[in-house]
There are 2 protein chains.
Amino acid sequence: MPGRWGKGPASWWHGEFKGCGYRITIPRQIILKVLEESSGHLSAEDIYLKVYKIYPAIGLATVYRTLEILVNMGLVSKFDFGDGRARYELIQDIKEPVHHHHLVCTNCGRIIDYTDFLEEEIELIKKIEKKLSAKYNFEIKNHTIQFNGLCDKCSNK
Amino acid sequence: MPGRWGKGPASWWHGEFKGCGYRITIPRQIILKVLEESSGHLSAEDIYLKVYKIYPAIGLATVYRTLEILVNMGLVSKFDFGDGRARYELIQDIKEPVHHHHLVCTNCGRIIDYTDFLEEEIELIKKIEKKLSAKYNFEIKNHTIQFNGLCDKCSNK
DNA sequence: TATAATAATGAGAATGATTATCAATAGTAA
DNA sequence: TTACTATTGATAATCATTCTCATTATTATA
Ligand SMILES: [Mn+2]
Ligand SMILES: [Mn+2]
Ligand SMILES: [Zn+2]
Ligand SMILES: [Zn+2]
């Protein structure tokens with residue numbers, strides 16, 4: 001995640017975090033660190049276990065509390081892929097999010113990220129958002145697009 | 001839901017149901033009836049309560065079991081809108097599903113169905129599915145598209 | 001730096017949706 | 001009708017997530 005750190009000790013998110021009245025704590029720093037260094041789709045417990053290795057005093061409730069804040073601040077996306085637990089992933093770049101969509105295998109649960117949209121896809125989404133905003137007077141903040149089916153391994157049984 | 005019933009007593013779904021080795025039972029008939037007569041986004045408990053009025057002997061576990069079958073058969077869609085309980089809705093027409101997408105208010109939880117896609121939207125989805133299938137060797141069965149934001153009431157505070 | 005105010009924490013209990021268990025019942029084919 | 005067994009309802013068990021609360025850590029301030 002290049003370009004996010006200044007020269008000082010403060011991380012890219014410290015400013016926004018403090019601006020919202022939140023304190024910079026050890027648990028929060030480590031949770032963010034783990035999110036930064038992991039590839040996506042981690043469950044709260046996944047994150048807890050990774051933090052635990054660095055900081056065994058961590059509590060699971062703190063992980064949940066921190067994730068809730070991050071989701072509300074728009075720094076983390078929360079997904080439900082149907083396996084009974086929520087999944088979290090850091091939004092890579094706040095200014096210009098590297099948005100991506102998901103392919104979810106309904107058999108083995110594998111999740112494939114794809115970002116190589118057709119140019120049209122991006123255009124169309126903007127157009128649809130505009131149309132829906134107008135028609136339903138709805139202020140659209142973000143969207144989720146997911147294709148479900150069978151991955152290569154599962155469709156070849 | 002016109003055009004689904006023959007002249008006999010059997011409902012449109014009886015054939016497919018039996019074909020899968022499932023028995024036609026009173027609880028299942030009433031659950032389907034409730035799904036047919038309700039507008040979408042019902043939780044398992046919503047369904048349980050509606051069935052209960054007609055058939056008080058119903059058990060909640062039976063509702064869950066039946067819904068699981070219906071989802072697996074592709075007769076019912078299951079969604080998670082982030083309020084901690086799954087939502088179910090009958091797919092209106094199996095042959096030519098009246099597919100729709102959702103606008104979800106992140107403040108009050110209101111859900112708006114929209115089906116009035118731009119013609120381009122439908123075309124593009126087909127194109128994307130084809131591209132993704134080829135690239136990831138993924139057999140796409142269905143998709144979910146959801147826009148999140150604030151509904152008119154909530155954005156006017 | 002020391003202090004006060006209070007946000008944040010971790011442990012553990014509580015919640016609540018969903019699933020599993022099991023003996024009794026009902027649907028089906030013969 | 002009978003025999004077979006899928007299905008059921010009650011209820012216990014699971015398990016992710018949230019809540020409670022006494023303790024601790026962070027921050028602004030003096
Ligand atoms: Mn992803
Ligand atoms: Mn709907
Ligand atoms: Zn798979
Ligand atoms: Zn709303």
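This passage describes a manganese site in chain B and a small part of the strand arrangement in chain A of a predicted model.

In chain B, the manganese ion (ligand 2) is held by protein donors from H41(B) (NE2), E89(B) (OE, listed twice), H100(B) (NE2), H102(B) (NE2) and D113(B) (OD), which lie 2.1 to 2.7 Å from the ion. The angles among the six donor atoms run from 49 to 170°, and the site is accordingly classed as irregular. Along the sequence, the donor residues follow the spacing H-x47-E-x10-H-x1-H-x10-D. Distant parts of the chain are linked by the pair H41(B) and E89(B), 48 residues apart, with H41(B) in the loop between α2 (26-37) and β1 (42-43) of chain B and E89(B) in strand β3 (residues 86-90) of that chain.

Both H41(B) and E89(B) are buried, whereas D113(B), with a relative accessibility of 33%, counts as partly exposed. D113(B) belongs to strand β5 (residues 111-114) of chain B, and its side chain makes polar contacts with the side chains of H41(B), at 2.9 Å, and of H102(B), at 3.1 Å. Among the residues that D113(B) touches, leaving aside those up to four places away in sequence, are E89(B), H100(B) and, from chain A, Y136(A).

In chain A, three strands form an open sheet in the order β1-β3-β2, with antiparallel pairing. Strands β1 (42-43) and β2 (76-80) of chain A each have a single partner strand and stand at the edges, so one side of each is left without a neighbour in the sheet. The antiparallel pairing of β1(A) with β3 (residues 86-90) of chain A extends over two bridges, and S43(A) has R87(A) as its bridge partner in β3(A).

Notes:
Residues numbered from 1 in each chain as written. Chains lettered and ligands numbered in written order. Predicted model: local features only at pLDDT ≥ 70, side-chain atom pairs only at ≥ 80, totals over all residues. Heavy atoms only, no water. Pairing = 2+ DSSP bridges. Helix = DSSP H or I, 4+ residues; strand = E, 2+ residues; numbered from the N terminus. Donors = N, O, S within 2.8 Å, 3.2 Å for Na, K, Ca; no water. Tetrahedral: all angles 85-135°; square planar, octahedral: opposite > 155°, others 65-115°. Buried < 20%, exposed > 50% of the residue type's maximum accessible area, 1.4 Å probe, protein only. Contact = heavy atoms within 4.5 Å. Polar contact = N/O pair within 3.5 Å; in protein donor to acceptor, adjacent residues only side chain to side chain.
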